[in-house]
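Hi everyone, thanks for making room for me today. I'd like to walk you through one structure, so please have the sequence and the 3D view open.

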Amino acid sequence: MNITGSTIVITGAARGLGRAMALALADKGASLALIDLDADAAESTARDCQSRGGQATAFTANIASEADVVEVFAAIKERFGGIHGLINNAGILRDGLLVKARDGNVIKRMSLDEWQSVIDVNLTGVFLCGREAATHMIEGGQGGVIINISSISRAGNAGQSNYSAAKAAVAALSVTWAKELARFGIRSASISPGFTDTEMVASMKPEARQRIETMVPLGRLARPDEMASTAVFIFENDYVSGRSFDIDGGLRL
Ligand SMILES: NC(=O)c1ccc[n+]([C@@H]2O[C@H](COP(=O)([O-])OP(=O)(O)OC[C@H]3O[C@@H](n4cnc5c(N)ncnc54)[C@H](O)[C@@H]3O)[C@@H](O)[C@H]2O)c1
């Protein structure tokens, strides 16, 4: 895909990986539709993209809401005339053990709300945005590319039943969509980042961050731009489909 002049939708574009991917794609001449719950921060990303010479518009929507997603994709189609790319990036964490016990007594369990809120955003949100983007891409007749942001936690990670399940599922969705949508000229792939230096990991205690850095063979967290360059590669290489790219500094969970 030629990124220049293509319209690419990014969810969770207000900050972190979404923002880094928006800036990298703006540098390549993409027209960007930036979806987030945080309207002010998404506007700020849009302004930074515009100052690099790209077209960018911020849209406020909750990707876990079917009505919001249908409405926002229609608004994006209206604003830009077509949709050629989607990065399903928005995600949340609600970590906790399935069952926490001390001295044989259960003291805490992952609540249904902790489970469901992560599934709603990290899995159902990806399904809703992927379905909407594919619909507009097929109707536009020009094909497209859908990237799902998974995680190395998709292999299964203690304290992340909800998150690991959702991230394994979105990697499987990319494989499924690569198979179902190839006949419409649509490719799909996923990126599985390792620990990356964004607000999402900034909330960690310094000792936890240090422990992770020593676990990573390359000895540091990833930079958001290292995920952005992977997204650019997937968009530009027309033979990439149905695979997950682990960008993790050699760390394998
Ligand atoms: N940072 C990491 O180490 C890391 C590692 C692996 C995978 N990931 C994944 O990468 C993606 C981005 O992570 P990040 O670190 O940039 O996160 P972040 O928390 O810094 O940013 C996430 C953005 O998504 C938005 N968002 C959350 N829920 C939303 C909703 N319901 N509707 C619309 N927008 C919503 C937030 O407002 C925020 O702007 C996530 O899917 C995350 O799971 C991150």
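Let me start with naming, since I'll be saying things like E5 and E6 a lot: helices and strands here are DSSP runs, helices of type H or I with at least four residues and strands of type E with at least two, numbered from the N terminus. And please keep in mind that this is a predicted model.

With that naming, here is a first small stop. Asp103 sits in the loop between E5 and strand E6, residues 105–109. Is Asp103 buried or exposed? It counts as exposed, because it has 5 C-beta neighbours inside 10 Å and the cut-off for exposed is 12 or fewer. Its backbone is worth a click too: phi of Asp103 is near 50°, a positive value in a residue other than glycine.

Now to the sheet. In which order do the seven strands of the open sheet come? The order is E3-E2-E1-E4-E7-E8-E9, and the pairing is parallel. At the edges we have E3 and strand E9, 244–247, each pairing on one side only. On average, neighbouring strands of this sheet are turned by 15° against each other, direction ignored.

Let's go through part of that order pair by pair. E2, residues 31–36, and E3, residues 55–60, are parallel and share six bridges. To get from E2 to E3 the chain passes through helix H2, residues 39–51, in a right-handed β-α-β crossover. If you want to check the register on screen, Leu34 stands opposite Ala58 in E3, and Asp36 stands opposite Thr60 in E3.

One step along, E1 and E2 also pair in the parallel sense, over five bridges. Here the chain crosses from E1 through helix H1, residues 16–27, to E2, and this β-α-β crossover is right-handed as well. For the register, look at Thr11, which stands opposite Ile35 in E2.

On its other pairing, E1 is joined by three bridges to strand E4, residues 85–88, and the two run parallel. There, Ile8 stands opposite Gly85 in E4.

Let me stay with E1 for a moment. Why is E1 described as largely enclosed by the rest of the structure? Because five of the five residues of this strand, residues 7–11, are buried. As a reminder, in a regular strand the side chains alternate between the two faces of the sheet. In E1 both faces are covered: Thr7, Val9 and Thr11 are buried on one side, and Ile8 and Ile10 on the other.

Next, a helix that lies across part of this sheet. Helix H5, residues 161–181, lies across E4, strand E7 (144–149), strand E8 (186–193) and E9, and runs at about 165° to E8. Within H5, have a look at Trp177. Trp177 counts as buried, because it has 23 C-beta neighbours inside 10 Å. Leaving out residues up to four places away in sequence, Trp177 touches Gly130, Ile146 and Ser188. Its C-alpha atom is also 7.5 Å from that of Arg187, ten residues apart in sequence.

Another aromatic residue to click on is Phe73, in helix H3, residues 66–80. Phe73 is buried, with 24 other C-beta atoms within 10 Å. Setting aside neighbours within four places in sequence, its contacts are Glu132, Ala133 and His136.

Then there is Asn89, in the loop between E4 and strand E5, 99–102. Although it sits in a loop, Asn89 counts as buried, because 29 C-beta neighbours lie inside 10 Å. Not counting residues up to four places away in sequence, what it touches includes Ile10, Thr11 and Gly12, along with Leu17, Gly18, Met21 and Ile149.

I've kept the ligand for the end. Which residues come nearest to the ligand? Of the 29 residues around it, they are Gly12, Gly16, Gly91, Thr198 and Met200. As for where the shell comes from, H1, E2, helix H4 (112–140) and helix H6 (199–202) each supply at least two residues. By type, the shell divides into 14 nonpolar, eleven polar and four charged residues. For anyone setting up a view of that site, Gly12 is a nice place to pause: it is among the residues nearest the ligand, and it is also one of the residues that Asn89 touches.

That's my tour, and I'm happy to take questions.

How values were computed:
Residues numbered from 1 in each chain as written. Predicted model: local features only at pLDDT ≥ 70, side-chain atom pairs only at ≥ 80, totals over all residues. Pairing = 2+ DSSP bridges. Right-handed = clockwise from strand over helix to strand, strands pointing away. Buried ≥ 20, exposed ≤ 12 C-beta atoms within 10 Å, placed from the backbone. Axes fitted to C-alpha atoms, helices over the stretch in contact; angles between N-to-C directions. Contact = placed C-beta atoms within 7 Å. Near = placed C-beta within 6 Å. Nonpolar A, V, L, I, M, F, W, Y, C, P; charged D, E, K, R; others polar.
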